[in-house]
Amino acid sequence: MSVNLLDLIQSSGPIALNELNMRSSEAPEELLRRLEELRQRGDIIVTGPKSSNLMDLSPEEVSQLSDTVVELSRSSLKRVFAS
Amino acid sequence: MASTLLPPLLALLLASVTVLYDCHVSIQDRLKRVPMPIYASPQALAFALACGLVALIAFEFTDGRGDTLIDSALGLKQTNPYLRGLSVGLTVLVLIRSKLSSIKGAEVGGELAYNAGRLWVMATLNTRWRKFKSNFNQRNLTKALATPDYENRLFIELREAIKIQPEDFRVFVEGQIKNVQQSQPKSAFDASAIDWQNYYRTITNLALDYAGPSVFEGWAEFK
């Protein structure tokens, strides 16, 4: 079922990549592509192991990475309040 | 003595409470999740106190005669100092959030500072919320894994807790429940398996995000 990715990250607070993978509607490859896109736009920040090369991760790694954390960037949080 | 100290303190207290309430409501609205008790956050209290101090200073510029803008707008020309303290405390956000001017659509003035303060509170609450969930899972994951029919029972409680929420919110949560259930490990249940532990951690966090810790109130063994 389709769930807006930014809404999910916004409502969960900082969220582990493996958990985000389970709660979002996208397949792992698509999820990584969307996250990279959001990161390049400055909407999110990704921290932790392997956070610098998201596109290189395999679906298995995505389902296991609990220390890689995704959260809204400060500018994104600011937009949330301004909206 | 008390009559000169209490009215400005009343302004400070009411302004602080108003700011805490404003933060609580805006975080609940914007983040779409059950917020943590805002009074438990030292950053939120510090921000509220700073705004309260503005109210206290503003009160000192009132005398009930209505000669100044602050006296007219915030003090409502009240001659009774207690009523004036009450009025300043409740309306000081108008002063704090005043836009002195606007440059290319960006606000300048108190609004800018107020929004920056609220943003700071929201960011710290986000961090605290993640820590809370992590600690909750540490304390309760083993019990969750040992609880018969945990998943169904948890989702029943979650749906019950959010049934008073708007439909779009319920659809949003329902979508996540469906997605998570599709990711359930295909292997037979094993409490010691990492994928089952991750699954249980994820559904617990999902319930905490949208129903808050109270979703576990009826679960005597969870703390």
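**Entry 1: Gln176(B)**

I began with the contacts of Gln176(B) in this predicted model. Leaving aside neighbours within four places in sequence, I found Gln176(B) in contact with Val3(A), Leu8(A) and Arg23(A) in chain A, and with Leu206(B) and Tyr210(B) in chain B. Gln176(B) sits in helix 7 of chain B, which runs over residues 167–182. I then asked whether Gln176(B) counts as buried or exposed. Its relative accessibility is 0%, so I noted Gln176(B) as buried.

**Entry 2: the interface of chains A and B**

Arg23(A), one of the contacts of Gln176(B), led me to the salt bridges. The rule finds 1 salt bridge across the interface of chain A and chain B. I looked up the pair Arg23(A) and Asp209(B): their side chains meet in a salt bridge, at 2.9 Å from N to O.

For the interface as a whole, I have 26 residues of chain A in contact with 31 residues of chain B. The area buried between the two chains is about 2,600 Å². Carbon and sulfur atoms give 58% of that area.

**Entry 3: the largest nonpolar core**

In soluble globular proteins, nonpolar side chains tend to be buried together. I therefore looked up the largest nonpolar core here, bearing in mind that general tendency. This core holds 79 residues. Those that touch the most other members are Leu17(A), Leu20(A), Leu35(A) and Val70(A) from chain A, with Tyr150(B), Leu158(B) and Phe216(B) from chain B. Which helix gives the most to this core? I found helix 5 of chain B, residues 110–146, with 11 residues.

I followed Phe216(B) further. Not counting residues up to four places away in sequence, Phe216(B) touches Phe136(B), Tyr150(B), Leu154(B), Thr204(B), Leu208(B) and Phe222(B).

**Entry 4: Gly110(B)**

Back to helix 5 of chain B, where Gly110(B) is found. Apart from neighbours within four places in sequence, I list Ile96(B), Arg97(B) and Ser98(B) as its contacts. I also checked Gly110(B) against Tyr21(B): they are 89 residues apart in sequence, and 18 Å apart in space from C-alpha to C-alpha.

**Entry 5: a nonpolar patch on the surface**

Last, I turned to the surface. Leu5(B), Leu6(B), Leu9(B) and Tyr82(B) form a nonpolar patch there, and together they have about 360 Å² of accessible area. Helix 1 of chain B, residues 2–31, supplies the largest share of the patch, 3 residues.

I looked at Leu9(B) separately. Leu9(B) lies in helix 1 of chain B. Why does Leu9(B) count as partly exposed? Its relative accessibility is 44%, and partly exposed covers values between 20% and 50%.

Terms used
Residues are numbered from 1 along each chain as its sequence is written. Chains are lettered from A and ligands numbered from 1 in the order in which they are written. This is a predicted model: local features need pLDDT of at least 70, side-chain atom pairs count only at pLDDT 80 or more; totals for chains, interfaces and linings use all residues. Side-chain values use heavy atoms; hydrogens and water are left out. A nonpolar core is a set of buried Ala, Val, Leu, Ile, Met, Phe, Trp, Tyr and Cys residues joined through side-chain atoms within 4.5 Å. Buried means under 20% relative accessible area, exposed over 50%, partly exposed in between (1.4 Å probe, protein chains only). Helices (H or I, at least four residues) and strands (E, at least two) are DSSP runs, numbered from the N terminus. Contact means heavy atoms within 4.5 Å. Patches are made of residues with over 30% relative accessible area and no salt bridge: like charges are joined within 9 Å, nonpolar side chains (Val, Leu, Ile, Met, Phe, Trp, Tyr) within 5 Å. Accessible areas come from the Shrake-Rupley method with a 1.4 Å probe; for residues, only the protein chains shown count as cover. A salt bridge is a side-chain nitrogen of Lys or Arg within 4 Å of a carboxyl oxygen of Asp or Glu. Buried area is the accessible area (1.4 Å probe) that two parts lose on being put together, summed over both.
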